[in-house]
Amino acid sequence: MTKPVRVLLVEDNDLDAAHFTMALKRGGFDPTMHRVETREEMLAALQSEEWDIVVSDYTLPNFSAPAALETLKSSGRDLPFVVVSGAVGEETAVELMRAGASDYLLKHRLTRLTAAIDRELAQAGERRAKRRAEDLFHAVLRASPQAGVVIDRLSRTIVDGSDAFRRSFVRGQPITTLLDAIEFTQPERIDTLLARGSGTIFSTVYYLDGVAHVANVRCHSVDHEGTSYAYVVLDDVTEQNYLKAAFDAVPDPLLIVSSRQTLLYANRPAEEVFGQLYFGSEVSELLSQPQLEPRWWANPTIRNAERRIELRGQPYEASSVPFRFAGETDTSTILTLRNISQEAELLRLATHDALTGIHNVRYFNEVLAKSVDGQAGALALIDLDNFKPINDQLGHAAGDAALITFAHTIRAELRPGDVFARLGGDEFGILFGEPSIDGAKAVMDAVYARLVRVPFRYEDVSRPISASAGLTAPLPADTPESLRKRADEALYEAKRQGKGRYVVA
């Protein structure tokens, strides 16, 4: 198969032109020839048509190979230029090659013609491909929405940059280096990055029109044709930085969880609770609570509802707010955690007896008032027997120890729904979790059995503990006062019967 080739021939001899055409055909080419003899004709041909190669005789009556080479250069066309002459001295040939000629051949020795043209056409194709790649690179670089520049690492001069970089930092001003263009607060960090050739500087500050901005500066280097270049990109993260600062200023732990239940962001208080957190990590291990439903954090918090969780031994109140990122159909979550340990401690102090640790009279009265609506449980009022002699004979510290021992003994037999409180001095109350008198009697029997087994010991003194109690079940028409009065009357009946027992009313 013949190879088509378009040849612009600078030649004044018809016979030589014919010989040249014949040599190309013998070499497997299908030449399209156009012959010119003057500079004007050559310029017109270069401007009007596309050519693959220029072949020129050295000497013509009104033209020459050096002049033809200069004409080709001035036209801006990148074409192989081969000199074919009858007699070209070695020095002349060397000068032509230095001036830009691709090769030279003698007219009576055209055996190298085919190989020379093959080679030059291939090299011309490579140059065109390289130019296209370079043009594409420059087009992509300039079209990039980020501020990016290519820098000669040795001289630090800017070779090219994106339009975004030019709009923000050049603005027609004469600049040569990156540090000329951008006012960094720590320029030495940028210079170190360029010297290193690769890496990222996070959260570096620079000024633009007198306003502080924050950017991550990324650098990649490449060696090309003996020169080392750095591609530097500024990712402006000013808004993200301010947003992060705002989130970090929130005193409560805050997590942003994606629709896929992976971590998108955690503020500094959250890292103080959970330790170091990573973008994209699963949140299930962090947030799962055995008492709550799976993925509870992805469900919006009902208004005025409380969702209590425990993290690292601390109580938190969690609230979830759903939202969607622009363009997403799935819902992500903003989760806020509020440490309520101080509130819980204040609540405990307000509702518990400081000495024994059980509930106090105020809490007991509140629960009793709320429960007497037909759903009240059985009520027991209890007095510790013979408490005054302990105080008088062994001292108030012993009396306190007796009260604590008594409270712990009773609490050991109570059920989860039973409310046990110290009502004052040596007086105690139990509001059972159910109205059944039989269930309450079973608990009281267990309490009295334990009192027999667990004496009070203080220093070297050991004394038995006994108690008198009145037990009653609620009636449909009961009020807190009537229920308590009936239990109190049963208590005094137990004391009249000799103490150390309970009476059911």
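**Close-up views of a predicted model**

**View 1. Strand 24 and strand 25 run parallel.** Strand 24 and strand 25 (residues 502-504) are joined by 3 bridges and run parallel. In this predicted model, A469 faces Y502 of strand 25. Between the two strands the chain passes through helix 17 (residues 480-496), and this β-α-β crossover is left-handed.

**View 2. Strand 24 also pairs with strand 19.** Here the two strands run antiparallel, and 6 bridges join them. I382 has A469 of strand 24 as its bridge partner. A469 also stands opposite Y502 in strand 25.

**View 3. Strand 24 is covered on both faces.** In a regular strand, side chains alternate between the two faces of the sheet. On one side of strand 24 are A467, A469 and L471. On the other are S468, G470 and T472. Are these residues buried or exposed? They are all buried. That makes 6 of 6 residues in strand 24.

**View 4. The largest nonpolar core holds 31 residues.** Which members touch the most others? They are I382, F406, I430, F432 and M444. Several elements each supply at least two residues of this core. Among them are the strands 19 (379-384), 21 (427-431), 22 (456-458) and 24 (467-472). Helix 14 (387-394), helix 15 (396-411) and helix 16 (437-453) do so as well. Another core, of 22 residues, lies apart from this one. Its members include V149, F169, F184 and L234.

**View 5. I430 and its contacts.** Leave aside the neighbours within four places in sequence. I430 is then in contact with F364, A378, L379, A380 and I382, among others. The list also includes I410, L414, V419, F420 and M444. Both I382 and M444 are, like I430, among the core members that touch the most others.

**View 6. An open sheet of 6 strands.** What is the strand order? It is 9-8-13-12-11-10, with antiparallel pairing. Strand 9 (158-161) and strand 10 (183-184) are the edge strands, each pairing on one side only. Strand 8 (residues 147-152) and strand 13 (residues 227-236) are antiparallel and share 6 bridges. There, I151 stands opposite A230 of strand 13.

**View 7. Two helices lie across strands of this sheet.** Helix 5 (residues 113-143) lies across strands 8, 9, 12 (211-224) and 13. The helix runs at about 70 degrees to strand 9. Helix 9 (residues 238-249) lies across strands 11 (199-208), 12 and 13. Helix 9 runs at about 130 degrees to strand 12.

**View 8. R156 sits in a loop.** The loop lies between strand 8 and strand 9. Which side chain does the side chain of R156 meet in a polar contact? The partner is D191, at 3.1 Å. Not counting residues up to four places away in sequence, R156 touches I151, T176, T177, L178, D191, L194 and A195.

**View 9. Two residues other than glycine have a positive phi.** Q261 is not a glycine, yet its phi is about 65 degrees. Q261 lies in the loop between strand 14 (254-257) and strand 15 (263-266). Its relative accessibility is 6%, so Q261 counts as buried, since buried means under 20%. R295 is also not a glycine, and its phi is near 55 degrees. R295 lies in the loop between helix 11 (284-287) and strand 16 (308-311). Its relative accessibility is 45%, so R295 counts as partly exposed.

Notes: Residues numbered from 1 in each chain as written. Predicted model: local features only at pLDDT ≥ 70, side-chain atom pairs only at ≥ 80, totals over all residues. Heavy atoms only, no water. Core = buried A, V, L, I, M, F, W, Y, C linked by side-chain atoms within 4.5 Å. Buried < 20%, exposed > 50% of the residue type's maximum accessible area, 1.4 Å probe, protein only. Helix = DSSP H or I, 4+ residues; strand = E, 2+ residues; numbered from the N terminus. Contact = heavy atoms within 4.5 Å. Pairing = 2+ DSSP bridges. Right-handed = clockwise from strand over helix to strand, strands pointing away. Axes fitted to C-alpha atoms, helices over the stretch in contact; angles between N-to-C directions. Polar contact = N/O pair within 3.5 Å; in protein donor to acceptor, adjacent residues only side chain to side chain.
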